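Good morning, and thank you for coming. I would like to walk you through one structure, going from single residues to the whole chain. Please have a look at it first.

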Amino acid sequence: MIIDKADVIVTSPGRNFVTLKLTTDDGLTGLGDATLNGRELAVVAYLRDHVVPLLIGADASRIEDTWQFLYRSAYWRRGPVTMAAIAAVDMALWDIKGKAAGMPVYQLLGGASRRGLMAYGHASGKDLPELFDSIHAHLELGYRSIRVQTGVPGLKAIYGIASQHSEAEDSRGRYDYEPAHRGARPVEEDWDTRAYLTHLPGVFEAVRNEFGPDLPLLHDGHHRMTPIQAARLGKALEPYDLFWLEDCTPAENQEALRLVRQHTTTPLAIGEVFNTVWDFKDLIREQLIDYVRGAVTHMGGITALKKTLEYAAMYQIKSGMHGPTDISPVGMAAAMHLGLAIHNFGIQEYMQHGPKTDQVFEQSFTWRDGMLHPGDQPGLGVELNLDEAGKYPYERAYLPYNRLKDGTVHDW
Ligand code: GCO
Ligand code: MG
């Protein structure tokens, strides 16, 4: 099992995806997701110019050794570009090992710990009627856990809100929210924390009144609050029994979460922008969070995220792997295999890709009764259709950014 060929494929069926494809001398192929939304080409260059030359001629069976070699021999550690590149290699090697063994990857990771993965979808609306429509639409799509985001009076455009059925060709007509916009510059959105904090508890009260006490509800603060503001929101939302409050504050400063934790029993999830266990170390050891939001794609692959989640398990902290549409079907499959195998699975984010993406990536997972299952094909269970991929060349796209009313740049 010697790596003979390594191709980096960029395709944009509605949004940009970066995929690494490894081929061995005995003809096995493996896929890895290296998509970093809005900074895709930096990972392409890292892979093509620096990693691919090291892989040709290497032994594809040595997953742990390859991970350690790529991490340590770079000397420059961590960071989203490096860790997305390492993640792609790691996923592709697990895919190959599964195919060589004739087993789905979750079997290699210890076998299934559950029948399927509870998954949540993204409901949103600019006001309550649109939000209720979107929640109903998600219940009809089979979701049994729902993330709730709404507009805030006085703010034109904010994170997480699709205000109507999407016109986008690739959306299946859902209330889709795709933050990365194609174009030369990032779109500017606006923000006012005070208005948000005043408005949000009433939204959750209305949702609970309409949909009852049992539906698991989630919310994403998207890094926009200070620790004391986050503490106040967590406390204000306690009566509505959230499954989690996500990214309530930027967590580069892990100690900030101590303050939030002292004030609220609302469960906390964090970490979609983190890259290694070191970003979670204090949060886990001090039990400052309840869910690890790392993505397989941005945490250095299955090998690294599995270790982080095993560490988290010692503190009864569970997984909540990142799964928006900027995680490709390959990254989603890797998350599903890992989530099925680990003991401390919590919930899986699942936004659903559109029809064009599903033609580019042929997938074997199933979605039934609010549960995902990666399927039983050997490897990850995803194949890339190169003809379809070739139809959609890369298009520059940026995530939006925020400015306050006085023009100050704010976290988005
Ligand atoms: C989530 C995330 C996404 C990010 C996106 C940025 O919880 O799913 O916050 O919506 O904004 O991944 O590329
Ligand atoms: Mg998030």
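Let me begin with a single loop, the one between α7 and β9 (244-246), where D241 is found. This is a predicted model, and everything I say today refers to that model. D241 is not a glycine, yet it has a positive phi of about 50 degrees. Is D241 buried or exposed? The answer lies in between: D241 has 15 other C-beta atoms within 10 Å, so it counts as partly exposed.

On the other side of α7 there is a second residue of this kind. H222 lies in the loop between β8 (217-220) and α7 (227-237). The phi of H222 is near 50 degrees, again a positive value in a residue other than glycine. H222, however, counts as buried, because it has 20 C-beta neighbours inside 10 Å, and 20 is where the buried class begins.

H222 also brings us to the ligand. Which residues surround ligand 1? They are N37, P179, D220, H222, E272, P324, D326, E349 and L399. Sorted by class, this shell has four charged, three nonpolar and two polar residues.

Let me now turn to the chain as a whole. It is divided into domain 1, residues 3-103, and domain 2, residues 117-376. Taken over C-alpha atoms, the centres of the two domains are 26 Å apart. Their contact takes 25 residues from domain 1 and 28 residues from domain 2. On the side of domain 1 that touches domain 2, the elements β2 (17-24), β3 (29-33), α2 (63-73) and α3 each supply at least two residues. The largest share of that side comes from α3, with eight residues. By class, the side comprises 12 nonpolar, eight polar and five charged residues.

Two of those elements deserve a closer look. β2 and β3 run antiparallel and are joined by five bridges. Within this pair, T23 has T29 in β3 as its bridge partner. The two strands form a hairpin with four residues between them, and in the turn G27 has a positive phi of about 90 degrees. β3 is mostly covered, with four of its five residues buried.

That leads to the interior. In soluble globular proteins, nonpolar side chains tend to be buried together. Here the largest nonpolar core has 115 residues, and those with the most contacts inside it are L47, A85, A88, V89, M91 and V296. Helix α3, residues 80-101, gives the largest share of this core, 12 residues. Why does the core lie between domain 1 and domain 2? It does so because both domains give residues to it. As an example of the packing, take A85: leaving aside residues up to four places away in sequence, A85 touches A34, V43, Y46, L47 and V51.

Finally, I would like to show you a small sheet. Three strands form an open sheet in the order β7-β19-β20, with mixed pairing. Its edge strands are β7 (188-190) and β20 (409-410), each of which pairs on one side only. β7 and β19, residues 401-403, pair in the parallel sense over three bridges. In this pairing E189 stands opposite N402 in β19.

To close, I would ask you to keep α3 in mind: it gives the largest share of the largest nonpolar core, and also the largest share of the side of domain 1 that touches domain 2. Thank you for your attention.

Key: Residues are numbered from 1 along each chain as its sequence is written. Chains are lettered from A and ligands numbered from 1 in the order in which they are written. This is a predicted model: local features need pLDDT of at least 70, side-chain atom pairs count only at pLDDT 80 or more; totals for chains, interfaces and linings use all residues. Two strands pair if DSSP finds at least two bridges between them. A residue is near a molecule or strand if its C-beta atom, placed from the backbone, lies within 6 Å of it. Ala, Val, Leu, Ile, Met, Phe, Trp, Tyr, Cys and Pro count as nonpolar, Asp, Glu, Lys and Arg as charged, and the others, Gly among them, as polar. A nonpolar core is a set of buried Ala, Val, Leu, Ile, Met, Phe, Trp, Tyr and Cys residues joined through C-beta atoms within 7 Å. A residue is buried if 20 or more other C-beta atoms lie within 10 Å of its own, exposed if 12 or fewer, and partly exposed in between; C-beta atoms are placed from the backbone. Domain bounds come from an automatic or database domain assignment. Two residues are in contact if their C-beta atoms, placed from the backbone, lie within 7 Å.
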